[in-house]
Amino acid sequence: MEKDKEKIGIQKHIRLDDTETIKAIDRIMELPKYKSLSKVINDALFYGLPILTAKLFGEAELGDEEASQTLHTNLLCFDEKQFAIIVRLLKEIVLNVTINKSILSSLFHDLKLINKALKVENELYEQGLMSDTPDYLNDYEIRGLKNLRK
């Protein structure tokens, strides 16, 4: 335990040879929370080192934060096949959302044309004043979100 306390604050020098990593670090450094490179690297190690340790040795030394512990525990129970399935399903969801948005946009523009032909004002639609979710859909969404959290 004494040795561990003595090691805190020791400087180690590293060489970064990946431009994407350097760009990511520079992007993080723009955030007000990160005023030093050491803070960025320490946080990156805090979140990433347990994952690397788990991958290499089948074990992980988790940090103090409860959320981090949960994340690491959950990540350790997935293998690469399961992650591939999750990624595929997320891509499928994004595709479906994009298709829905396209269909809804087409319907919106068709409704504008129909209203114009019928000489009905489109102002409410164009200003988004008709965008409230109907109550029954709002209730359905809230119930669905609650069920997902169980």
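At roughly what angle do the axes of helix α2 and helix α3 cross? Hi everyone, that is where I would like to start today. One thing before the answer: what you see above is a predicted model.

So, the answer. Helix α2 covers residues 19–29 and helix α3 covers residues 37–57. Their axes come within 10 Å of each other, and the crossing angle is roughly 115 degrees. Angles of 65 to 115 degrees count as roughly perpendicular, and that is therefore how α2 and α3 are placed relative to each other. As for handedness, α2 passes α3 in a right-handed crossing.

Which residues meet there? From α2 we have I25, I28 and M29, and from α3 they meet L37, V40 and I41. If you sort the residues of this contact by type, you get six nonpolar, no polar and no charged. If you have the structure open, do click through those names while I talk.

Let me step back to the whole chain for a moment. The protein chain has seven helices and zero strands. Reading along the sequence, the pattern is α-α-α-α-α-α-α. The chain has 150 residues, and 7% of them count as buried. Now think about contacts between residues with a separation of 6 or more: residues 24 or more positions apart account for 8% of those.

Next, charged pairs. How many salt bridges does the structure hold? There are three, and I will take them in sequence order.

Number one is in helix α2. E20 forms a salt bridge with K23, and the closest N and O atoms are 3.8 Å apart. Both residues lie in α2, three residues apart, which is about one turn of the helix. K23 has a relative accessible area of 51%, and the line for exposed is drawn at over 50%, so K23 counts as exposed.

The next one takes us back to helix α3. Here D43 pairs with K39, with 3.3 Å between the closest N and O atoms. Both sit in α3, four residues apart, again about one turn of the helix. Is D43 buried or exposed? D43 is at 16% relative accessibility, and buried means under 20%, so D43 counts as buried. Its partner K39, at 32%, counts as partly exposed.

Let me stay with D43 a little longer. What does D43 touch, leaving aside its neighbours within four places in sequence? The answer is K33 and Y34. So for D43 the picture is a buried residue in helix α3, with a salt bridge to K39 and contacts to K33 and Y34.

The last salt bridge is in helix α5, which runs over residues 80–117. E92 pairs with R88, and their closest N and O atoms are 3.8 Å apart. The two lie four residues apart in α5, about one turn of the helix. E92 is partly exposed, with a relative accessible area of 40%, and R88, at 48%, counts as partly exposed too.

To wrap up: α2 and α3 are roughly perpendicular, with six nonpolar residues in their contact, and the structure holds three salt bridges. One of them joins D43 and K39. Thanks for listening, and I am happy to take questions.

Notes:
Residues are numbered from 1 along each chain as its sequence is written. This is a predicted model: local features need pLDDT of at least 70, side-chain atom pairs count only at pLDDT 80 or more; totals for chains, interfaces and linings use all residues. Side-chain values use heavy atoms; hydrogens and water are left out. Axes are lines fitted to C-alpha atoms, for helices over the stretch in contact, and angles run from 0 to 180 degrees between N-to-C directions. Angles under 35 degrees count as roughly parallel, over 145 as roughly antiparallel, 65 to 115 as roughly perpendicular and the rest as oblique. A crossing is left-handed if the near helix is turned anticlockwise from the far one by less than a right angle, and right-handed if clockwise. Contact means heavy atoms within 4.5 Å. Ala, Val, Leu, Ile, Met, Phe, Trp, Tyr, Cys and Pro count as nonpolar, Asp, Glu, Lys and Arg as charged, and the others, Gly among them, as polar. Buried means under 20% relative accessible area, exposed over 50%, partly exposed in between (1.4 Å probe, protein chains only). A salt bridge is a side-chain nitrogen of Lys or Arg within 4 Å of a carboxyl oxygen of Asp or Glu.
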